[in-house]
Amino acid sequence: MDRYEFKDQIKDTGFGFTLSLIGGKYKMSVLYALYMSNDPIRYNQLKRMLGNISFKTLTNTLKELENDQLVNRKEYPQVPPKVEYSLTEKGLSLIPVLDAICYWGEEQLEK
């Protein structure tokens, strides 16, 4: 594997950019849960999949992922409001990266 040219700071590299998108306690988990659901998923269902995450943290995480164009939020005009989340094409393009992390972890668990 070729190494990329190192710049003055890691944040200025492709690694730094990627980490700015998926770094944080729950971002990768949210992305992977959305991927595993295969279909758009509602907020409470996503929260149940993730387990121990507060409503505020999940809301903030989803907003950040939406602002980074990794997650699509679709709101239906009805009462009570219905909101569904799904991965965008950009979000889907991160799945091979998350899969690689998953495979690495599984290999390490077996050792």
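**Exercise 1. Work out what the surface of this protein exposes and how its charges are placed.**

Solution. Start with the area: about 8300 Å² of the protein is exposed, and carbon and sulfur atoms supply 53% of that. Keep in mind that we're working with a predicted model. Next, burial: 31% of the 111 residues count as buried. Then the charges: there are 15 positive and 15 negative ones, and their mean positions lie 9 Å apart.

**Exercise 2. Lay out the fold from the N terminus and say how far its contacts reach along the chain.**

Solution. Count the elements to begin with: you get 6 helices and 3 strands. Now put them in order, which gives α-α-β-α-α-β-β-α-α from the N terminus on. For the overall dimensions, the C-alpha trace spans about 55 × 35 × 25 Å along its principal axes. Last step, sequence range: take the contacts with a separation of 6 or more, and 46% of them come from residues 24 or more positions apart.

**Exercise 3. Are the axes of α2 and α6 roughly parallel or roughly perpendicular?**

Solution. Two numbers do the job here, since a pair of packed helices is described by the angle between the axes and the distance between them. Helix α2 covers residues 27-37 and helix α6 covers residues 95-110; their axes come within 11 Å and cross at roughly 105 degrees. Angles of 65 to 115 degrees count as roughly perpendicular, so α2 is roughly perpendicular to α6. To see who makes the contact, look at Met28, Leu31, Tyr32 and Tyr35 on the α2 side, facing Ile95, Leu98, Asp99, Ile101 and Cys102 of α6.

**Exercise 4. Go through the backbone at Pro80, Asn38 and Gln69, and place each residue in the fold.**

Solution. Take Pro80 to start: the peptide bond joining Val79 and Pro80 is cis, with omega at about -5 degrees. Pro80 sits in the loop between β2 (71-76) and β3 (82-87).

Now for phi. Asn38 isn't a glycine, yet its phi is positive, about 65 degrees. You'll find Asn38 in the loop between α2 and β1 (41-42). Gln69, another residue other than glycine, also has a positive phi, near 60 degrees. Gln69 belongs to the loop between α4 (55-67) and β2.

Finish with accessibility, where exposed means over 50% relative accessible area. Asn38 has 66%, so it is exposed. Gln69 has 53%, so it is exposed too.

**Exercise 5. Describe the surroundings of Met49 and Lys11, and set sequence separation beside distance in space.**

Solution. Met49 is part of helix α3 (residues 43-50). Its relative accessibility is 41%, so Met49 counts as partly exposed. Skip the residues up to four places away in sequence, and Met49 touches Ala33 and Ile41. As for separation, Met49 and Thr18 are 31 residues apart in sequence, while their C-alpha atoms are 24 Å apart in space.

Lys11 falls in the segment before α1 (14-22). With 59% relative accessibility, Lys11 counts as exposed. Leave out its neighbours within four places, and Lys11 is in contact with Gly16 and Phe17. Finally, pair Lys11 with Ile95: the two are 84 residues apart in sequence and 21 Å apart in space, C-alpha to C-alpha. You've met Ile95 already, among the α6 residues in the contact with α2.

How values were computed: Residues are numbered from 1 along each chain as its sequence is written. This is a predicted model: local features need pLDDT of at least 70, side-chain atom pairs count only at pLDDT 80 or more; totals for chains, interfaces and linings use all residues. Side-chain values use heavy atoms; hydrogens and water are left out. Helices (H or I, at least four residues) and strands (E, at least two) are DSSP runs, numbered from the N terminus. Buried means under 20% relative accessible area, exposed over 50%, partly exposed in between (1.4 Å probe, protein chains only). Contact means heavy atoms within 4.5 Å. Accessible areas come from the Shrake-Rupley method with a 1.4 Å probe; for residues, only the protein chains shown count as cover. Lys and Arg count as positive and Asp and Glu as negative; His and the chain ends are not counted. The place of a charge is taken as NZ of Lys, CZ of Arg, CG of Asp or CD of Glu. Axes are lines fitted to C-alpha atoms, for helices over the stretch in contact, and angles run from 0 to 180 degrees between N-to-C directions. Angles under 35 degrees count as roughly parallel, over 145 as roughly antiparallel, 65 to 115 as roughly perpendicular and the rest as oblique.
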